[in-house]
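Got your viewer open? Here's a short tour with two stops, so keep the selection box handy.

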Amino acid sequence: MAASDADQRLALIKENLAEALNEEIIKKILDGGRHPKIYWGSATTGRPHCGYFVPAIKIAQFLAAGCDVTILLADIHGFLDNLKAPLELVAHRAEFYRYIITAMLEAVGVPTDKLRFVLGSSYQKSPEYVMDVYKMASLISEHDAKKAGAEVVKQTDNAPLSGLLYPILQVLDEQYLDCDAQFGGMDQRKLFTAAKEWLPKVGYRERAHLLNPMVPGLHGGKMSSSDPDSKIDLLDSAETVAKKIRKAHAAPQVVEENGLLAFIEYVLLPAARLKGHGEFRVERERDGLEPLVYTDIEKIREDYKNDVLTPQLIKPSVSNALNALLAPIQAAFQASKEWQDIAERAYPPPPKKEKKVKNKGTRHPGTGKGQPAAVEKKESELPIRGNGETPN
């Protein structure tokens, strides 16, 4: 393969990454004209939201660069992480993830023929895998296991032992999924550096690791499935999307921890490039001005700092671009009765709370709580004597 082609593929693989560990592994594969095998895992717990576009767009870029991509639907991991997902819902949620991630990639026009989904439980209960878990557990200290999972496993007082197994499984997945590199967020860096050390201890080779930056949510913090105000559901209506983005925190002229600018940088601009036009458009019809058209994030940051771009201008533009991304996903959902049924089973509505009837008491002062009040008997209810007379 020509060096320029390999360099272009590597540049696309690395675009917007915060860090690449053992990058030379990827480069050697590309220089040999082969296709790197990359895996990304997601515990099938909370309902995927628009924050999932950040890894999904990166996965789309891997596919566009000719990589073979495996998505691990980590059902067992979700259970191990402090019982995050009820076991009876895991299978339905894994299937929901399969549908929605495929639709997200297709929404940016990326072929998915080099994409495969693997359910964790399909191999993580095999005798060979379990034996490797035992081997690694005998070689890794409690301290190192805790450290590796510190930012990805739920930390609680008196945490269950399962949390120590979580990083061991994730490290072994690199071998059992036959990957050249694992992809994840910067919150997994400690686990990725542990993998470089742990795998050779049980006779397996090191892998490369590709790390995405941690992108702020709409309110500056992490976008969370459990907080409806911090996230936009992938099936939200266009009106709901616009309403949530209007509420997003975006201080004028402040680019640090700005969730809207981060979303443009890591989702909207890369998605536009994958779709072939590569621009982010800001309409200014209300002010009687020509639209602003951007092709790189630096110019957007510069204009935002200089108050050329204001929150009032940028929010509707983000809404429009995001709704354009969501439209084919939602159309696919509406066209698939099977997907709709799976969504209902994976994320059933919470049971309705029974309205408690307030105990108003007897309304007779002096009676004991819960005791019936003494009521005078009516004359007709008085006992009758044998001679038909009433008692005196």
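We'll visit a pair of helices and then a pocket. Keep in mind that this is a predicted model.

**Stop one: two helices**

Select residues 127-139 for helix H6 and residues 162-176 for helix H8. Their axes come within 10 Å and cross at roughly 125°. That angle makes H6 and H8 oblique to each other, because it falls outside the 65 to 115 degrees of roughly perpendicular and isn't over 145, the mark for roughly antiparallel. As H6 passes H8, the crossing is right-handed.

Now show side chains. On the H6 side, pick Glu-128, Tyr-129, Asp-132, Val-133, Met-136 and Ala-137. Facing them in the contact from H8 are Leu-165, Ile-168, Leu-169, Val-171, Leu-172, Asp-173 and Tyr-176. Colour by class and you'll get 10 nonpolar residues, 3 charged and no polar ones in this contact of H6 with H8.

**Stop two: a pocket**

Next, jump to the second largest pocket, which holds about 240 Å³ of space. To centre your view, select His-277, Glu-279, Phe-280, Ala-321 and Ala-324: of the 15 lining residues, these are the closest to the pocket's centre.

Which elements each supply at least two residues of the lining? Switch on cartoons for helix H11 (259-274), strand S7 (280-282) and helix H13 (311-335). H13 gives the largest share of the lining, with 5 residues.

Finish with the class colouring again: the lining of this second largest pocket has 8 nonpolar, 3 polar and 4 charged residues.

How values were computed:
Residues are numbered from 1 along each chain as its sequence is written. This is a predicted model: local features need pLDDT of at least 70, side-chain atom pairs count only at pLDDT 80 or more; totals for chains, interfaces and linings use all residues. Side-chain values use heavy atoms; hydrogens and water are left out. Axes are lines fitted to C-alpha atoms, for helices over the stretch in contact, and angles run from 0 to 180 degrees between N-to-C directions. Helices (H or I, at least four residues) and strands (E, at least two) are DSSP runs, numbered from the N terminus. Angles under 35 degrees count as roughly parallel, over 145 as roughly antiparallel, 65 to 115 as roughly perpendicular and the rest as oblique. A crossing is left-handed if the near helix is turned anticlockwise from the far one by less than a right angle, and right-handed if clockwise. Contact means heavy atoms within 4.5 Å. Ala, Val, Leu, Ile, Met, Phe, Trp, Tyr, Cys and Pro count as nonpolar, Asp, Glu, Lys and Arg as charged, and the others, Gly among them, as polar. On a 1 Å grid over the protein atoms alone, a cavity is a set of points where a 1.4 Å probe fits but cannot get out, and a pocket is an open set with protein on both sides within 12 Å along at least five of seven lines; lining residues have an atom within 4 Å of a point. Grid points are joined across faces, edges and corners, and a volume is the space filled by probe spheres set on the points.
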